[in-house]
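Colleague: Got a minute to go through this one with me? I'd like to talk about pockets, the interface and salt bridges.

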Amino acid sequence: MSSIGSGYDLSASQFSPDGRVFQVEYANKAVEASGTVVALRCKDGIAFAVEKIITSRLYESGSNKRIHNVDKHIGMAVAGLLADARQLLTVARDEAKQYKHDYGVSIPVKYLADRLAMYMHAYTLYGFVRPFGCFILLAAYESDGPQLYGVEPSGVTYAYHGIAVGKAQQTAKTEIEKLKLSELKLEDGINEAAKIIYQVHDEVKDRMFELELSWVGQVNDGKHERVPAQIFAKAESFAKASLEEADDDDDEM
Amino acid sequence: MDVLNPMTYDAEEDQLRDRTKYSQMDKHIIPVEFQQQPVSTGTTIVAVEYDGGVIIGADTRTSAGTFVMNRFTDKLTPLTDQIFCLRSGSAADTQAIAQVVTYQLDFLSAEMNEPPLVRIAANCVRRMIYQYRDDFLAGMIVAGWDKKLGGQVYSCPLGGLLVRQPVTLGGSGSTYIWGYLDNNYRPNMTKDECYDFVLKGITLAITRDGSSGGCARIAIINKDGVERIDVLGNDLPKVFDL
């Protein structure tokens, strides 16, 4: 590792001589160690696909989901430390609830992303707390179209057309860049996202994984939800089929 | 009942005494000096949606009992650049509400980096009225234009209700023109038809309601902004005067 803190990495309240806050960078390492999350902003909606790595056959399937709802219209997908993410989910839900209470309309996702970013940033300022070790993705389909925001552990937020976070983020990003997202329809976007997860999944290091898929868009009237069973099955078989195609190609060589 | 003697103090009677002294309804029955009368915008306010915006109008009389405190009041109060509120009831209460809500919306629009929705403004007004429903006497209409839903009119009457309506009236003078509204309002009127409807309604209410009078102030709010029109007393449309 080239980034050895050597004394300036003991707390988030210290800068290093070259102007880095090492604790925040270490938080990013925690994000990079988690299962991959892929999010695609298609023409008429947003697709989330999560590689939920299962470490033991004894766990009940479906426990510790990584895609959640914040209010009816906003979906949140997380990469990184799940326990940290659970607290941020509670914070996000509280913000959404308070906004609805004060102003009578649902919280716009851009505003929620800013509030969440401010909260996460606050934890990077002091020595007696540590930064959150998770990357939060927020998706909604609002009156001006689909919106996808990502919040890093440092508290920075960007709006994205497509993003991948986690173990295989570099490989997945390359795959996403091959897609023409502005012309992609949501139904196809779901399939593509599932395919990318299957492609970047490392069979050797993490044997078992569960695929989680969710969408929000014109198709479900802006209400974020997990994809229905048939769509899920179709996406999964599309993903597996494309894997076999790739294998076949390799064999032919 | 002696207020200072706990043994004979009756809370209900005490509150009733306050209410009857300041009640709008009872001011005719209990002749109280006008200086002790609260300043009210005994009023006529009208708001109507049209395709592309809203047209709002009010009379210009502020009264304290029988004394006309201000004969050219502006009851059309801006909350933001393109959202207005129309005030009826106690002048002090409605001014206070408008001030607080203007601040809240200003802060919110700075945070969100865009002008607030009309619905949000109406909610802020409604929440204040509801929270202080036992203390305030404020019947307000919030009307304006925003990018998402276009022209909208929201009614926020006394108890703290919020309801969106294509056309609504308010104030003491409105009682005299509900029949006029029922007979003359049609959905999907043009901008000019709506303007005539609002102006005629205010004029009719002014001629019948003692607490409404003066001139008519009208504002047209659409995506291009706000156009204010003041129709002075002698320019009001002629109605048959017995």
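Colleague: Which residues lie nearest the centre of the largest pocket?

Modeller: Bear in mind that this is a predicted model. The largest pocket has a volume of about 1,000 Å³, and 40 residues line it. Those nearest its centre are A:P108, A:S143, B:E114, B:L117 and B:K148.

Colleague: And which element gives the largest share of that lining?

Modeller: Chain A puts in two or more residues from each of α2 (82-103), α3 (109-122), β5 (134-142) and β6 (145-151). From chain B, the elements on that list are β6 (76-80), α2 (91-112) and β8 (138-146). The largest share is seven residues, and it comes from α2(B).

Colleague: How many of the lining residues are charged?

Modeller: The lining of the largest pocket has 17 nonpolar residues and nine polar ones. The rest of that split is the charged group, which numbers 14.

Colleague: Turning to the interface, which three residues of chain B supply 45% of the area it buries against chain A?

Modeller: The contact takes ten residues from each of the two chains, B and A. About 940 Å² is buried between them, with carbon and sulfur atoms giving 59%. No other three residues supply more of chain B's part than B:E111, B:M112 and B:R127.

Colleague: Which residue of chain A does B:E111 meet in a salt bridge?

Modeller: The rule finds two salt bridges across the interface of chain B and chain A. In the one with B:E111, N and O are 3.3 Å apart, inside the 4 Å cut-off. The partner side chain is A:R115.

Colleague: Away from the interface, which helix holds both A:E192 and A:K195?

Modeller: The whole structure has 21 salt bridges over all chains, and A:E192 with A:K195 is one of them, with the closest N and O atoms 3.7 Å apart. Along the chain, A:E192 and A:K195 are three residues apart, about one turn of the helix. That helix is α5 (residues 186-200) of chain A.

Technical notes: Residues are numbered from 1 along each chain as its sequence is written. Chains are lettered from A and ligands numbered from 1 in the order in which they are written. This is a predicted model: local features need pLDDT of at least 70, side-chain atom pairs count only at pLDDT 80 or more; totals for chains, interfaces and linings use all residues. Side-chain values use heavy atoms; hydrogens and water are left out. On a 1 Å grid over the protein atoms alone, a cavity is a set of points where a 1.4 Å probe fits but cannot get out, and a pocket is an open set with protein on both sides within 12 Å along at least five of seven lines; lining residues have an atom within 4 Å of a point. Grid points are joined across faces, edges and corners, and a volume is the space filled by probe spheres set on the points. Helices (H or I, at least four residues) and strands (E, at least two) are DSSP runs, numbered from the N terminus. Ala, Val, Leu, Ile, Met, Phe, Trp, Tyr, Cys and Pro count as nonpolar, Asp, Glu, Lys and Arg as charged, and the others, Gly among them, as polar. Contact means heavy atoms within 4.5 Å. Buried area is the accessible area (1.4 Å probe) that two parts lose on being put together, summed over both.
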